[in-house]
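Colleague: Could you walk me through the ligand site, and tell me what stands behind each term you use?

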Amino acid sequence: MDASAPAKTILFGEHAVVYGYPGIATPISSLRARAATRPETMGSGLRIVLQDMQEQSIRLRENPEHPLAIAAQLLLDSVSAPEPDWTITVTSDIPIASGLGSGAAVTTALMRALASALGASLANEHLNEMVYAVEKIHHGTPSGIDNTVIVFEKPLYFRRGTVMESIQVGKPITLLIGDTGVSASTRVAVSDVRQLFNSQVSATTQRLEEIGSLVERSRQLLQVGAVIKLGQCMIQNHQLLQWLTVSSPELDRLVDAAVTAGALGAKLSGGGRGGNMIALVQPDSVQSVREALLSAGAVHVFQTKVETC
Ligand code: PMV
């Protein structure tokens, strides 16, 4: 039984979303994590093989603390199933530790494959709660935006713990995603923003509020297809993220290169300090912006469309 889940990118609101402000994220359906189950001999138990990660093999019995073993156990408990004698092979096109949601996508694909092989139905709402529980092991205090957009696989307006609404995109928009190739810890970036917040409460709150307002405005702009203004909001969001100390020279270089080459806007996406940035491009500037990103040091450039599913 095969199952999969997409990568994701955050369009607006990362970091502020941890403090209860809204965020907007979209799936990248062309980049996916996949999981496939196959039966093994009786008594062998459950083994998870991570094919793209040096063939790492995790046995439920021997490595119960591994986040993917915890994910598998959560799923088995939720459908009251005993440990099956299966191998689950996980593969993924999604770069790791780069802000594209690789961890949440792998967990989602794994749980879906397991549920499907067990013949159990699994509602996305329930799956989302379980993936969030596993995300907490990786990130400490995740807002939940990553797992939610990955599980539901549609552009979302999200507010921690309360709101999740799909966004009706007025006109499909094209994004280029530039990977700095620098892996960075979201947990560390989130904790540094927390320290900044604690040491400069009012200045940081003001920036977080500005990000929140940009998210509200961008949601309306997305709905009416106002791409020029949307691009300007991205640039402003990036400047606010710079203030929060989560950009990096590599990210700034890619953002500047994209805008100079004709992107309507660009910003870092995700936890920052490395990982990925996104650029909003018109169809006629895709090629020049892609080339500019590669010359400015991007190790990969992905293309995706934001559209109503
Ligand atoms: O680094 P990523 O793509 O997992 O994004 C994290 C987004 C943050 O807002 C920085 C953290 C969170 O939990 O929402």
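Colleague: Which residues are closest to the ligand, and how many surround it?

Modeller: The ligand is surrounded by 15 residues, and the closest are Lys8, His15, Ser143, Asp146 and Thr186. A residue is near a molecule if one of its heavy atoms lies within 4 Å of it. Bear in mind that this is a predicted model, where local features need pLDDT of at least 70, side-chain atom pairs count only at pLDDT 80 or more, and totals for linings use all residues. Residues are numbered from 1 along each chain, and side-chain values use heavy atoms, with hydrogens and water left out.

Colleague: What makes the pair between Asp146 and the ligand a polar contact?

Modeller: A polar contact is a pair of N or O atoms within 3.5 Å. A side-chain N or O atom of Asp146 is 2.7 Å from a ligand oxygen, so this pair qualifies. The backbone contributes too: a ligand oxygen lies 2.9 Å from an N or O atom of Gly271, and one is 3.1 Å from a polar atom of Gly99.

Colleague: How do you know how much of the ligand is covered by the protein?

Modeller: On its own the ligand has 380 Å² of accessible area, and the protein covers 94% of that. Accessible areas come from the Shrake-Rupley method with a 1.4 Å probe.

Colleague: Why are six residues of the shell called nonpolar?

Modeller: Because Ala, Val, Leu, Ile, Met, Phe, Trp, Tyr, Cys and Pro count as nonpolar. The shell also holds six polar residues and three charged; Asp, Glu, Lys and Arg count as charged, and the others, Gly among them, as polar.

Methods: A polar contact is a pair of N or O atoms within 3.5 Å; within protein, one must be able to donate a hydrogen and the other to accept it, and residues adjacent in sequence count only if both atoms are side-chain atoms.
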